[in-house]
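Trainee: I have just opened this one and do not know where to begin. Could you walk me through it?

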Amino acid sequence: MSVPTSLQDFEAYLSLERGMSGNTCEAYVSDVCHLLEYLEDEGANPAEVSEKDLHGFICTLRDLGIGPRSQARILSGIKSYYKFLKLSGIIENNPTDLLESPRLGRHLPEVLSTAEIDMMISQIPDDKEESLRNHAIIETLYGSGLRVSELTDARLSRLSFDDGCLIVEGKGSKQRIVPVSPVAIDLIKEYLPQRSRLNIKPDAQDTIFLNRRGGKMSRVMVFYIIRDLAAAAGILKTVSPHTLRHSFATHLLEGGASLRVIQELLGHESLETTEIYVHLDRSRLRHELLAHHPHYRKNL
């Protein structure tokens, strides 16, 4: 599908006629690229897009865990694009005229900035037995976009330290491979000797993250760890393990990762165990993370 007009022309319009900064122009063009990618997948013509098509795109962003503020910013870029198309005489009617921005009420998912996540990590004390484990948990949740249940069920036998990949079991007992950041890998390696000194229970021998009694951690326990670190960092948002998953998806999208890759990483298109090794290109997913995730890029 051809793009209805040059994105360079759109960028020039934003810069010269709207007087927007270089960063804002770049963000708006990136937002439009995500929309065009979605429309191509749906077989829709960008020049003939309907309000329904645009609602579908916004719903896709929400389903991927993209925060409401980022949704609103993306929608702003798309509205500017279609305004430009109309001014250029490429379309007669602007399909975004009646499109409303997502509400930013407290019931919508929060997204943390990278600075806030770093602030949480800085609150982990150095002298406590569980410090290494808790640091590794945050880096794994945020660096891989895991659900909390996927984290508590993560197994050593399914973690490849060499490849930096973990097989996790998501909803419906479906499995997928997720890349694990170099930071998280190093922290888990440091944690393992401490873990080995625990009196590990029989049903937790293969579980990566354990409680002090050598048993599997509960989802509630992980929730309290994340909540307490956020409070200690002075973060006033409602923070949970799922907040790190939302932040993972939002930061990847804002960094330029494609929607299809984010879908694969979040596990919204589940694959059977035997299909994982056939259809999922681990090196490509890892490359996307290295290129677009803040906690991967700073280790390059």
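Trainee: How many residues are in the chain, and what share of them count as buried?

Mentor: The chain has 300 residues, and 50% of them count as buried. Please keep in mind as we go that this is a predicted model.

Trainee: And what does the secondary structure come to?

Mentor: There are 14 helices and 3 strands in the chain. Among contacts with a separation of 6 or more, 65% are between residues 24 or more positions apart.

Trainee: What about the surface, how much area does the chain expose?

Mentor: About 14800 Å² is exposed, and carbon and sulfur atoms supply 47% of that area. One nonpolar surface patch, of about 260 Å², is made by Val-220, Phe-223 and Tyr-224.

Trainee: Where is Tyr-224 found?

Mentor: Tyr-224 is in helix α9, which covers residues 219-232. Its relative accessible area is 39%, so Tyr-224 is partly exposed.

Trainee: Going inside now, how many residues does the largest nonpolar core have?

Mentor: That core has 80 residues, and those with the most contacts inside it are Phe-10, Phe-57, Tyr-82, Met-120, Ile-138, Leu-166 and Phe-209. Helix α2 supplies the largest share of this core, with 8 residues. As background, nonpolar side chains tend to be buried together in soluble globular proteins.

Trainee: Which residues is Ile-138 in contact with, leaving aside its neighbours within four places in sequence?

Mentor: With those neighbours left aside, Ile-138 is in contact with Ile-117, Met-120, Ile-121, Ile-124, Gly-143, Ile-226, Leu-229 and Leu-244.

Trainee: You listed Phe-57 too. Which residues of α3 are buried?

Mentor: Phe-57 is one of them, and the others are Leu-54, Gly-56, Ile-58, Thr-60 and Leu-61. These buried residues of α3 pack against four other helices, namely α2 (22-42), α4 (68-87), α10 (241-255) and α11 (259-266).

Trainee: How far apart are the end C-alpha atoms of α3, and what should the helix span?

Mentor: Helix α3 has 13 residues, 51-63, and at 1.5 Å a residue it should span 18 Å, which agrees with the 18 Å between its end C-alpha atoms. The expected span is 1.5 Å times one less than the number of residues, so the last residue does not add a further step. After α3 comes Gly-65, whose phi is positive, near 90°.

Trainee: Changing topic, how many salt bridges does a search of the whole structure find?

Mentor: The search finds 7 salt bridges. In one of them Arg-73 pairs with Asp-31, with the closest N and O atoms 2.5 Å apart. Arg-73 is in helix α4 and Asp-31 in helix α2, 42 residues apart, and the pair links distant parts of the chain.

Trainee: Is Asp-31 buried or exposed?

Mentor: Asp-31 counts as buried, because its relative accessibility is 1%. Its partner Arg-73 has 29% relative accessibility and therefore counts as partly exposed.

Trainee: And which residue meets Glu-116 in a salt bridge?

Mentor: The side chain of Glu-116 meets that of Lys-237, at 2.9 Å from N to O. Glu-116 lies in helix α5 (residues 114-122) and Lys-237 in the loop between α9 and α10, so the pair ties together parts that are 121 residues apart in sequence. Glu-116 counts as buried at 16% relative accessibility, whereas Lys-237 is partly exposed, with a relative accessible area of 29%.

Trainee: Which residues are linked in a network of salt bridges?

Mentor: The network links Arg-147, Glu-150 and Arg-176. Arg-176 is also among the residues that Gly-145 touches, together with Thr-140, Arg-245, Phe-248 and Leu-266, when residues up to four places away in sequence are not counted.

Trainee: Where does Gly-145 sit?

Mentor: Gly-145 is in the loop between α6 (131-144) and α7 (148-152), and with a relative accessible area of 0% it is buried. Its C-alpha atom is separated by 7.6 Å from that of His-246, although the two residues are 101 residues apart along the chain.

Trainee: One more loop, then: what does Thr-207 touch, not counting residues up to four places away in sequence?

Mentor: Thr-207 touches Thr-152, Ala-154, Arg-195 and Lys-216 on that count. Thr-207 lies in the loop between α8 (182-196) and α9, and at 4% relative accessibility it counts as buried.

Terms used: Residues numbered from 1 in each chain as written. Predicted model: local features only at pLDDT ≥ 70, side-chain atom pairs only at ≥ 80, totals over all residues. Heavy atoms only, no water. Helix = DSSP H or I, 4+ residues; strand = E, 2+ residues; numbered from the N terminus. Buried < 20%, exposed > 50% of the residue type's maximum accessible area, 1.4 Å probe, protein only. Contact = heavy atoms within 4.5 Å. Patch = residues over 30% accessible without salt bridge, like charges linked within 9 Å, V, L, I, M, F, W, Y side chains within 5 Å. Areas by Shrake-Rupley, 256 points an atom, 1.4 Å probe, with all protein chains shown as cover. Salt bridge = Lys/Arg side-chain N within 4 Å of Asp/Glu carboxyl O. Core = buried A, V, L, I, M, F, W, Y, C linked by side-chain atoms within 4.5 Å.
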